[in-house]
Each structure stands twice: as C-alpha cells, then as structure tokens.
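Please read the following report alongside the sequence and the model, taking each part of the chain in turn.

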Amino acid sequence: MKTKYGKFMYDMTLKGSKFLAKHKWLYYILNLTWGSIMTLFGLLVTVVMLLAFRKPHGYHGIYYFEVGKSWGGFETGIMFVRDTTSTEYVSRHELGHTYQNAILGPFMVILVSIPSAIRYWIRKVTKPATGYYDIWFEASASDI
C-alpha cells in the first residue's frame, strides 16, 4: 500500500465493501454477474468438494469447505476453501476477498487472485522481511 495505486485500490475496495455490506442483494448480483469468472470457478470447486464428500459450512451468507491443515485459504467468488486449523480471522479475510470479487469483477483474477497465489508461494519459499498484509489486496481483504 506504499504506492498511490495501492492506496487507491485499498480505499476503493474498502469503501465499496461498506456499501455492499449495507446492500447485500447487490453484493450477490455483482458476484453472480460482474464477478462470474471467480464464481463459476467456485462452482467447479464446490462440485469437486462435494464429490470428495466434503461438507459445506455456512459463513455470513456464503459457504466454505475445509481441507488439509495449516495452509490458510483461498476465495472463489461467493465461497472459499480453508484449512481445518484456521482461525476465525482466516474466514473473515476470505470473506473480504468475496467483496473484492463483487467490486473488481473480471479484473479480480489478474489484480488479486493470481498475484496473491504467486505471492503466497514465493513467501513460503523465501521467507521475506515484508509483512503479508503490506500489499493492498491482502490488507483490504482483512479490513473488509
């Protein structure tokens, strides 16, 4: 968030999510239309999880699945997947990414999802000195 772009994106997603939280119907419409790329991917992940006999859990109007231990989570439209050892904080963070999906729509993939996945794996290998939330999309997801 140290750049003008990072601050702009952080502020925009935070303000947009506050509006969508008050107008939940719009949150769902945007995720199912504008944000359909990630939501369709989430539908595919849901089918795979159900075929693997995973039970969905409800969370603030969306759902999630639990898989594995100690790795975190990822968002796919209006659902997310997290590990079985995650705390409430991880669930709230992934919920924040669903709001980003409603706001960013088809740009979510290139602005958040792919960079976040790449960043996760680079950080896992290199153990950098910078904090996980030093980039706008991770800080915004947690603050939403």
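## A partly exposed phenylalanine

In this predicted model, Phe 107 counts as partly exposed because its relative accessibility is 44%, a value that falls between the 20% limit for buried residues and the 50% limit for exposed ones. Phe 107 is found in the loop that runs between α4 and α5, and, when residues up to four places away in sequence are left aside, it touches Trp 34 and Val 112. Ser 17 and Phe 107 are separated by 90 residues in sequence, while their C-alpha atoms are 16 Å apart in space.

## The chain as a whole

The chain contains six helices and four strands, and, read along the sequence, these elements follow the pattern α-α-α-β-β-β-β-α-α-α. Taken along the principal axes, the C-alpha atoms fill a box of roughly 45 × 40 × 25 Å. The radius of gyration is 15 Å, which agrees with the value near 15 Å that a compact globule of 144 residues would have.

Of the 144 residues in the chain, 41% are buried, and the area that the chain exposes comes to about 8100 Å², of which carbon and sulfur atoms supply 71%. When contacts between residues at least 6 apart in sequence are considered, 53% of them join residues at least 24 apart.

## A covered helix

Helix α6, which spans residues 136-143, is mostly covered, with seven of its eight residues buried. These buried residues are Trp 136, Phe 137, Glu 138, Ala 139, Ser 140, Ala 141 and Ser 142, and the elements that cover them include α1 (4-22), α4 and α5.

## The largest pocket

Rolling a probe the size of a water molecule over the atoms shows where empty space is left. In this model, the largest pocket holds about 500 Å³ of space, and its lining is made up of 23 residues, among which Gly 73, Phe 74, Glu 94, Ser 116 and Tyr 132 lie nearest the centre of the pocket. By class, the lining has 13 nonpolar, seven polar and three charged residues.

Several elements take part in this lining, since at least two residues each are supplied by α3 (36-51), β3 (73-75), α4 (88-104) and α5 (108-126). Helix α5 gives the most to the lining of the largest pocket, with seven residues, and α5 is also among the elements that cover the buried residues of α6.

Definitions and conventions:
Residues numbered from 1 in each chain as written. Predicted model: local features only at pLDDT ≥ 70, side-chain atom pairs only at ≥ 80, totals over all residues. Heavy atoms only, no water. 1 Å grid on protein atoms, 1.4 Å probe; cavity = no way out; pocket = protein on both sides within 12 Å on 5 of 7 lines; lining within 4 Å. Points joined across faces, edges and corners; volume = space filled by probe spheres on them. Nonpolar A, V, L, I, M, F, W, Y, C, P; charged D, E, K, R; others polar. Rg over C-alpha atoms; globule rule 2.2 N^0.38 Å. Buried < 20%, exposed > 50% of the residue type's maximum accessible area, 1.4 Å probe, protein only. Contact = heavy atoms within 4.5 Å. Areas by Shrake-Rupley, 256 points an atom, 1.4 Å probe, with all protein chains shown as cover.
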